[in-house]
Amino acid sequence: MNKASIVCDEKKHAGGKIVKVCIKICDDLVKGVMISGDFFVEPAENFEELLRELASIEVKRGEVITLITESLKKKNIEFGGITIEDVTEVLSKILQQK
């Protein structure tokens, strides 16, 4: 039986806001992503919907950054205090650790 692990990392944006990303990994699959921090997001309901979707994804590790970037853009989510690039940078760092 394969054991899943949860790996988290964070980044402080130059403006002082923090983004934290946690992913659940089992073998070569990402089975859930959580994005949190002290940043602002608009529209909040679209971000909450995205978080619900990401909590139960199951994709190959190499596909997760593209999936999240496309989902953020498709839902027209805009961040205040961080950027989409900050999110993908933290994701990349986590995926390189495992």
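Helices and strands are taken here as DSSP runs, a helix having at least four residues and a strand at least two, numbered from the N terminus. In this predicted model, the elements of the protein chain follow the order β-β-β-β-α-β-α-β-α from the N terminus on. The protein chain thus contains 3 helices and 6 strands.

The overall dimensions were computed next. The C-alpha trace of the protein chain spans about 40 × 25 × 15 Å along its principal axes. For 98 residues, a compact globule would be expected to have a radius of gyration near 13 Å, and the value for the protein chain is 13 Å, which agrees. Of the contacts between residues at least 6 apart in sequence, 52% join residues at least 24 apart.

Burial and surface were also examined. Of the 98 residues in the protein chain, 39% are buried. The accessible surface of the protein chain amounts to about 5,800 Å², and carbon and sulfur atoms account for 49% of this surface. The protein chain carries 15 positive and 17 negative charges, and the mean positions of these two groups lie 6 Å apart.

One residue was considered individually. Arg 52 is located in helix α1, which covers residues 44-54. Arg 52 has a relative accessible area of 56%; because a residue counts as exposed over 50%, Arg 52 is classed as exposed. Asp 28 is 24 residues away from Arg 52 along the chain, and the C-alpha atoms of Arg 52 and Asp 28 are separated by 22 Å.

Note on methods: Residues are numbered from 1 along each chain as its sequence is written. This is a predicted model: local features need pLDDT of at least 70, side-chain atom pairs count only at pLDDT 80 or more; totals for chains, interfaces and linings use all residues. Side-chain values use heavy atoms; hydrogens and water are left out. The radius of gyration is taken over C-alpha atoms; the globule rule is 2.2 Å times the number of residues to the power 0.38. Buried means under 20% relative accessible area, exposed over 50%, partly exposed in between (1.4 Å probe, protein chains only). Contact means heavy atoms within 4.5 Å. Accessible areas come from the Shrake-Rupley method with a 1.4 Å probe; for residues, only the protein chains shown count as cover. Lys and Arg count as positive and Asp and Glu as negative; His and the chain ends are not counted. The place of a charge is taken as NZ of Lys, CZ of Arg, CG of Asp or CD of Glu.
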